[in-house]
Amino acid sequence: MKGFKVVRWFSCIIAALIILFTGIVSAYAAAINVTANATDTLNGADGQCSLREAIQNINNGATTYADCVPTGAYGTSDTINIPAGTYTIAIAGAGEDLNATGDFDITKSVTITGAGAGSTTINGGALDRVFHITGAYTVSISGVTIQNGSPASNGGGIHNNSGTLTVTNSTIVRNTATTGGGIYKLAGATGFTNSIVADNGVGLDCVGTITDSGGNIDSDGNCGTFTQNAAMVQGTGFSALASNGGPTQTHALLAGSAAIDTAPTCAGLTTDQRGTTRPQGSACDIGAYEYVVAAAAVSVPTMTEWGMIIFIFLAGLGAMYYMRRRRA
Ligand SMILES: [Ca+2]
Ligand SMILES: [Ca+2]
Ligand SMILES: [Ca+2]
């Protein structure tokens with residue numbers, strides 16, 4: 001009987017340890033900070049943590065590239081923080097899936113965030129697509145502009161093979177592909193919130209079923225229930241890339257753009273891609289850029305107007321002098 005009690009206590013302790021250990025493991029989460037404007041290289045000794053190195057360390061669950069040291073231990077809720085800047089794919093070699101060349105291949109669940117809300121432009125360099133989610137991973141992307149992806153296959157901005165992908169407060173514009181210029185969803189699930197997928201060449205903005213969680217715009221009407229705005233193209237809905245303040249070039253929203261003040265929620269957002277306070281106007285704008293209404297110019301009198309003001313002033317003084325003389 002005593003032996004049975006000991007076994008039962010021993011079992012309880014083992015069970016408790018298993019629960020505790022499982023809890024600790026699931027709480028593990030690494031966060032890697034990419035170096036601002038880091039060039040696209042794989043070199044753990046150059047003192048720069050490139051976006052490709054950060055993704056590879058997360059993919060490997062190990063610090064393969066020593067200059068991308070995470071805070072926290074690798075686990076199941078890892079994060080890559082990308083500060084303000086432009087990150088252009090520079091290692092040629094499309095059609096590979098191990099993140100060594102061409103597109104950024106994601107082979108593990110990860111959250112990718114720009115600093116603030118949308119401080120980051122990720123440019124495909126016209127060498128390949130930008131992001132490739134290669135399997136059934138949970139991936140969140142927020143606060144980034146994704147552009148200039150151009151693979152000779154499907155999915156110019158993002159190709160989601162079978163992951164659960166959420167995209168928030170992001171702008172996916174000016175990519176091209178055979179089909180799915182903005183995003184190509186083969187399988188899995190893909191949801192968008194407060195984002196622009198527009199002007200993505202002949203390959204269509206979206207191919208595959210996309211969940212619309214509100215505040216999304218496309219330009220060609222191929223992203224399911226997104227609000228279609230055919231004017232959301234470069235030159236009409238947004239500007240060409242240009243310096244609009246802030247640390248990186250942006251596609252500025254133009255006056256009258258359908259993205260202005262139409263985001264249904266502004267939760268968690270305080271600044272845009274340039275560091276401009278959100279919201280401006282009655283609500284946040286859709287995408288990574290917040291449009292600012294120019295302040296009315298302060299009117300400065302012309303020389304003629306100054307002359308009139310001085311004349312009226314002197315005339316007033318003269319009238320007062322005359323009245324006093326008459327009373328005296
Ligand atoms: Ca490096
Ligand atoms: Ca790939
Ligand atoms: Ca690749």
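I began by fixing my terms: two strands count as paired if DSSP finds at least two bridges between them, and strands themselves are DSSP runs (E, at least two residues), as helices are (H or I, at least four residues), both numbered from the N terminus.

I noted that this is a predicted model, in which local features need pLDDT of at least 70 and side-chain atom pairs count only at pLDDT 80 or more, while totals for chains, interfaces and linings use all residues. Residues are numbered from 1 along each chain as its sequence is written, and chains are lettered from A and ligands numbered from 1 in the order in which they are written.

**Overview.** I looked up the secondary structure and found three helices and 19 strands in the protein. I took a residue as buried if 20 or more other C-beta atoms lie within 10 Å of its own, exposed if 12 or fewer do, and partly exposed in between, with C-beta atoms placed from the backbone. On that count 44% of the 328 residues are buried. I took two residues to be in contact if their C-beta atoms, placed from the backbone, lie within 7 Å. Of the contacts between residues at least 6 apart in sequence, 61% join residues at least 24 apart.

**Parallel pairs, starting from β2.** I followed the pairing from strand β2 (residues 79-82), which runs parallel to β5 and is joined to it by four bridges, with T79 having T111 as its bridge partner in β5. From β5, four bridges lead on to strand β8 (residues 138-142), again in parallel, and there T113 stands opposite S142. β8 pairs in the parallel sense with strand β11 (residues 164-168) over five bridges, where I141 has V167 as its partner. Five bridges then join β11 to β14, which run parallel, and T164 is matched with A189 in β14.

I also checked how far β5 itself is covered: four of the five residues of this strand (residues 110-114) are buried, so the rest of the structure largely encloses it.

**The seven-stranded sheet.** I recorded an open sheet of seven strands with parallel pairing, in the order β3-β6-β9-β12-β15-β18-β19. Its edge strands are β3 and β19 (227-228), each of which pairs on one side only. Within this sheet I looked at strand β9 (residues 144-147) and strand β12 (residues 171-173), which pair in the parallel sense over three bridges, Q147 having V173 as its bridge partner in β12.

**Helix α2.** I turned next to helix α2 (residues 51-60), which is largely enclosed by the rest of the structure, because nine of its ten residues are buried. The buried residues are L51, R52, E53, A54, I55, Q56, N57, I58 and N59. I asked what covers them, and the elements include β1 (31-33), β2, β3 (85-88), β4 (104-106) and β5. Just after α2, I noted that G61 takes a positive phi of about 65°.

**A187.** I ended at A187, which is found in the loop between β13 (183-185) and β14 (189-193). A187 counts as partly exposed because it has 13 C-beta neighbours inside 10 Å. Leaving out residues up to four places away in sequence, A187 touches N161 and S162. I also looked up N160, which is 27 residues from A187 in sequence and 7.0 Å from it in space, C-alpha to C-alpha.
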